[in-house]
Amino acid sequence: MQSLMTRLPLLLLATLLFATTAQAELTIEITKGAAGALPIAIVPFGVAGEAPHDDLATIISADLQRSGRFNPMPSTDMLEKPSEAAQVNFQNWRVLSMDNLVIGKLRGNSNSGFDVDFQLFDVFQGKGLMGYTIHAGSAEMRRVAHHIADLIYEKLTGEKGAFNTRIAYITATRGPTPSYALMIADSDGYNPQTVLRSKQPIMSPSWSSDGNHLAYVSFEKRRSEVFVQDVLSGAREAVASYPGINGAPSWSPDGRYLALTLSRGGNPDVYVMSLSTKLMTRLTDNPAIDTEPTWAPDGDSVYFTSDRGGKPQIYRVSASGGGASRVTFDGDYNARPELSPDGKKLAMVHRTDKGFTIAVLDLQTHQLKVLSGGGQDESPSFAPNGSMILFAGSKGYRGVLSAVSVDGSVQQSLVATEGDVREPSWSPLLQ
């Protein structure tokens, strides 16, 4: 069994250094699952000594289920609950029509944490596929479970998992004294923490490529400013406070630049800022409104929304400047571009007769696929493995977050107990 010796970074614990009171967790409701999901059994892990607060098997099962690719067996249906390879009777699991089996055990260690052993088996062939030991503190068990789910997902699908990630989003509380908050939480909605709270709007959170910083727009001084904040320490810096519009920040893949919308020249245009020197390069110069820039994964180009053709459409411009080319032609409204991690797909807000929907354009075949039901859907954000798109929608009169697979086969909602939830941004994979 291999050993993952490097301790998982304590991102959650570090955020507690600057977080205010934690908000209610987002509750995931799976509204549509994929047909033909793979049957898998995640056996409750054995524990030698005092058990941690978090149940790893339950978290791993929930992660795999909400991916839409797996159908975990309820623990109450299991004929046996082994925690070691020698205890596994493969025939019992074949009778239950399981394709794969996961077992594990937690052992307390001298660092007041746990050594977590787990193994993945192919039930039909009766052999092990993978086994690791992970060393972590007792407060890191949810991170450990997400990491194990990622390893299982990658081994069985050939694609990287995206469970050990975080999401940033904005909450808004209505009433006589409105309140806004920039939040971060685990990808399953747990461990929500407040990064910033304000009586004025907060908008457009964007993760750096290393997951250590957030850029966002704040109106706390009653005008728009773009801030960059260190997620670990809470330290932040206003990087754009020009007269007029300062908005829509987007990190370059190497983390050295921000693309953003400024009206410092009198009209909203797309600029690129060097974060080390604060020098600006103007990418667009057009009488129309150019906004919502986002980088291509290779860093060579920037996609943005413009109404230069009379209606909002998505355009592409070289990251070094020059002429822009139109990308979208389906319908009279396409905005808020977001590139998939491999650069092959473009998510967007697309208007149909059902209202504003989330759609994805295959940049190679030029085929457009509408993924959401429509209404007021906005702010698409790809998972770092490209399998899902997180976006803001509505449920009744409240703003909620939703997620949909890129083929539309899996759909889920993330609902807060109170207030509106808007403008999600999915973090990169956490190391």
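## Exercises on a predicted model

In this predicted model, let's start with one residue pair: Asn-334 has His-350, in β25, as its bridge partner.

**Exercise 1.** Work out how the strands around this pair are arranged, and which strands stand at the edges.

*Solution.* Begin with the two strands involved: β24 and β25 (residues 345–352) pair in the antiparallel sense, over four bridges. Next, widen the view: the open sheet has four strands, in the order β24-β25-β26-β27, with antiparallel pairing. Now check the ends: β24 (334–339) and β27 (368–370) have a single partner strand each, so one side of each lacks a neighbour in the sheet. Finally, the twist: from one strand to the next, it averages 30 degrees.

**Exercise 2.** Decide whether Leu-258 is buried or exposed.

*Solution.* First find the residue: Leu-258 sits in strand β17 (residues 257–262). Then apply the cut-off: buried means under 20% relative accessible area. Leu-258 has 0% relative accessibility, so it counts as buried. Then look at what surrounds it: beyond its neighbours within four places in sequence, Leu-258 is in contact with residues including Val-226, Trp-251, Tyr-271 and Trp-295.

**Exercise 3.** Find which element supplies the largest share of the largest nonpolar core.

*Solution.* Start with the core itself: it has 28 residues, and Phe-45, Ile-148 and Ile-152 have the most contacts inside it. Then list contributors: at least two residues each come from β3 (38–42), α2 (56–66), β6 (100–108), β7 (113–122), β8 (127–137) and α4 (141–157). The largest share is from α4, with eight residues. Now zoom in on Ile-152: among the residues Ile-152 touches are Ile-40, Leu-64, Phe-118 and Met-130.

Note on methods: Residues numbered from 1 in each chain as written. Predicted model: local features only at pLDDT ≥ 70, side-chain atom pairs only at ≥ 80, totals over all residues. Heavy atoms only, no water. Pairing = 2+ DSSP bridges. Axes fitted to C-alpha atoms, helices over the stretch in contact; angles between N-to-C directions. Buried < 20%, exposed > 50% of the residue type's maximum accessible area, 1.4 Å probe, protein only. Contact = heavy atoms within 4.5 Å. Core = buried A, V, L, I, M, F, W, Y, C linked by side-chain atoms within 4.5 Å.
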